[in-house]
Amino acid sequence: GTVFVWGGNINSQRDDAPTSAGFVAIACGGLHSVALRNDGTVVTWGDTEEDQRDDTPTSAGFVAIACGSYNSVGLRNDGTVVTWGHSSDGQGCDFCRLRRDRVRPLSQRGFAP
């Protein structure tokens, strides 16, 4: 399907939205959104002040997506979960005090798939 957006645009929530077709799911965070394409890749748009879009995975293989206020989560077809975005409260890393963490499967952080 095609993504349609409306509402506020102070943080590019509308301007940066994808205009192509081929999407199968969408999730909205505080001021950012993520969409899943039918080829298993993800696209993010909107605010990035809190690192919401930083380190968005570029590989395929995703089957589901979700958003927190400032972070995103993807489920890959091999059962691994990948997180990216803001991590001040551990959303994307183990006891992380940094605002950004590299994208890596939770299984590499001590969680079993």
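The overall fold, the largest pocket and the surroundings of one buried threonine are described here for a predicted model.

The secondary structure of the protein chain consists of six strands and zero helices. From the N terminus, the order of elements is accordingly written β-β-β-β-β-β. Of the 113 residues in the chain, 39% are buried. Among contacts with a sequence separation of 6 or more, 33% link residues 24 or more positions apart. The exposed surface of the protein chain comes to about 6,300 Å², of which 51% is supplied by carbon and sulfur atoms.

The largest pocket encloses about 200 Å³ of space. Its lining comprises 14 residues, and those nearest the pocket centre are Val5, Trp6, Gln13, Cys28 and Ser33. Strand E1 (23-28) and strand E2 (32-37) are the elements that each contribute two or more residues to this lining. In terms of residue class, seven of the lining residues are nonpolar, six are polar and one is charged.

Threonine 44 is located in strand E3, which spans residues 42-46. The relative accessibility of threonine 44 is 12%; because this value falls under the 20% cut-off, the residue counts as buried. Leaving aside residues up to four places away in sequence, threonine 44 is in contact with Ser33, Val34, Arg53, Thr56 and Trp84. With one of these, threonine 56, the side chain of threonine 44 also forms a polar contact of 3.1 Å, made to the threonine 56 side chain. Another of the residues touched by threonine 44, Ser33, is among those nearest the centre of the largest pocket.

Methods. Residues numbered from 1 in each chain as written. Predicted model: local features only at pLDDT ≥ 70, side-chain atom pairs only at ≥ 80, totals over all residues. Heavy atoms only, no water. 1 Å grid on protein atoms, 1.4 Å probe; cavity = no way out; pocket = protein on both sides within 12 Å on 5 of 7 lines; lining within 4 Å. Points joined across faces, edges and corners; volume = space filled by probe spheres on them. Helix = DSSP H or I, 4+ residues; strand = E, 2+ residues; numbered from the N terminus. Nonpolar A, V, L, I, M, F, W, Y, C, P; charged D, E, K, R; others polar. Buried < 20%, exposed > 50% of the residue type's maximum accessible area, 1.4 Å probe, protein only. Polar contact = N/O pair within 3.5 Å; in protein donor to acceptor, adjacent residues only side chain to side chain. Contact = heavy atoms within 4.5 Å. Areas by Shrake-Rupley, 256 points an atom, 1.4 Å probe, with all protein chains shown as cover.
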